[in-house]
Amino acid sequence: MTGSEPRGPVEVLVPCPGRLVPMSEVPDPVFASEMVGPGVAIDPDPGEVTVVSPIAGKVVKVHPHAFVVLGADGVGVLVHLGINTVRLEGRGFEVLAEQGSTVAAGDPMVRWDPATIGGEGISTVVPVVAMDRPKGSVPAPAADAVAKVGDVLFTVTP
């Protein structure tokens with residue numbers, strides 16, 4: 001391979017189990033309008049869960065409430081644990097990954113228990129976003145769809 005061959009679609013895997021929610025229903029206008037990028041949100045199952053990387057790549061950003069992994073093909077995926085959870089200043093989250101490290105799809109990133117997260121304007125919905133991709137390029141999930149870790153959440157063409 002010379003690197004100029006077209007690459008196939010990138011499978012973005014489910015980072016935590018739960019009910020799938022269209023981005024348009026995320027209670028935050030930046031995510032709902034796909035300003036960051038298209039994707040699918042997850043209403044997480046209750047109980048402590050280890051959120052995993054949805055793709056293989058480099059951890060370019062990691063916060064207690066969010067992380068970004070950039071694949072070798074240039075596809076970046078943001079996983080944002082809840083809405084307005086930055087206000088919690090890390091409380092309720094345990095970061096398991098290191099910024100700058102290389103991860104495989106399925107590697108542990110952050111541990112949290114959505115049932116312990118709350119407050120004014122805070123939601124536990126988890127947007128999974130294909131960064132810098134065209135609006136509408138990720139189809140909405142089927143109504144009442146439920147996913148488990150490792151399932152294909154959506155695909156992105158590099």
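Biologist: Let's start with one side chain: is Phe 93 buried or exposed?

Modeller: The general idea is to look at relative accessible area and call a residue buried when the value is under 20%. Phe 93 comes out at 11%, so it counts as buried. Do keep in mind that this is a predicted model.

Biologist: Which strand holds Phe 93, and does it have an aromatic partner somewhere? I mean, how many aromatic pairs does the structure hold?

Modeller: There is one aromatic pair in the structure. To judge such a pair, look at the ring centres and at the angle between the planes, where under 30 degrees counts as stacked. Here the rings of Phe 93 and Trp 112 have centres 5.5 Å apart and planes at 10 degrees, so they are stacked. The two residues are 19 apart and link distant parts of the chain, with Phe 93 in strand S8 and Trp 112 in strand S10. Trp 112 has a relative accessibility of 1%, so this partner is buried as well.

Biologist: How should I read the sheet around these two residues, and in what order do its strands come?

Modeller: In general, the strands of a sheet pair through backbone hydrogen bonds, in a parallel or an antiparallel sense. In this case three strands make an open, antiparallel sheet in the order S4-S10-S8. Strand S4 (49-52) and strand S8 (93-95) are at the edges with a single partner strand each, so one side of each has no neighbour in the sheet. On average, neighbouring strands here are turned by 25 degrees against each other, ignoring direction. S4 and strand S10 (residues 108-112) run antiparallel and are joined by four bridges. One of the bridge partners is familiar: Trp 112 in S10 is matched with Val 49.

Biologist: There is another sheet. How many strands does it have?

Modeller: Eight strands, again in an open antiparallel arrangement, with the order S9-S5-S6-S7-S11-S3-S2-S12. Strand S9 (102-103) and strand S12 (146-147) are the edge strands; each has a single partner strand, so one side of each is left without a neighbour in the sheet.

Biologist: Can we walk in from the S12 edge? How many bridges pair S2 with S12?

Modeller: Two, in the antiparallel sense, with S2 covering residues 18-22. Arg 19 sits opposite Val 146 in S12. Moving inward, S2 and S3 run antiparallel with five bridges, and Gly 18 is opposite Pro 44 in S3. S3 is then joined to strand S11 (residues 126-130) by four antiparallel bridges, with Gly 39 partnered by Val 129 in S11. S3 is mostly covered, as five of its six residues are buried.

Biologist: Just before S3 I see Pro 38. What does it touch?

Modeller: Pro 38 lies in the loop between helix H1 (29-32) and strand S3 (39-44). Its relative accessibility is 0%, so it is buried. Setting aside residues up to four places away in sequence, its contacts include Val 128, Val 129, Arg 133 and Pro 134. The chain also brings Pro 38 and Ala 140 together in space: they are 102 residues apart in sequence, and their C-alpha atoms are separated by 9.4 Å.

Biologist: And what about hairpins? How many residues join S5 to S6?

Modeller: A hairpin links S5 to S6 through two residues. The two strands run antiparallel with five bridges, and Val 62 has Phe 67 in S6 as a bridge partner. On its other side, S6 pairs with strand S7 (residues 76-80), antiparallel and over five bridges; Phe 67 is opposite Val 79 there. That hairpin has five residues between its strands, and Gly 74 in the turn shows a positive phi of about 90 degrees. Four of the five residues of S6 are buried, so the rest of the structure largely encloses it.

Biologist: Where does His 65 lie, and is it buried or exposed?

Modeller: His 65 is in the loop between strand S5 (57-63) and strand S6 (66-70). At 13% relative accessible area, it is buried. Beyond neighbours within four places in sequence, its contacts include Val 79, His 80 and our starting residue, Phe 93.

Biologist: Last one: how far does the pLDDT back this picture, and what is the chain average?

Modeller: The protein chain averages 93, and 96% of the residues score at least 70. Residues 1-5 have pLDDT below 50, and this stretch makes zero contacts beyond near neighbours in sequence. Where pLDDT is low, predicted coordinates should not be read in detail.

Key: Residues are numbered from 1 along each chain as its sequence is written. This is a predicted model: local features need pLDDT of at least 70, side-chain atom pairs count only at pLDDT 80 or more; totals for chains, interfaces and linings use all residues. Side-chain values use heavy atoms; hydrogens and water are left out. Two strands pair if DSSP finds at least two bridges between them. Axes are lines fitted to C-alpha atoms, for helices over the stretch in contact, and angles run from 0 to 180 degrees between N-to-C directions. Buried means under 20% relative accessible area, exposed over 50%, partly exposed in between (1.4 Å probe, protein chains only). Contact means heavy atoms within 4.5 Å. pLDDT is the predictor's confidence in each residue, from 0 to 100. Rings of Phe, Tyr and Trp (its six-membered ring) pair if their centres lie within 6.5 Å; planes under 30 degrees apart count as stacked, over 60 as edge-to-face and the rest as tilted.
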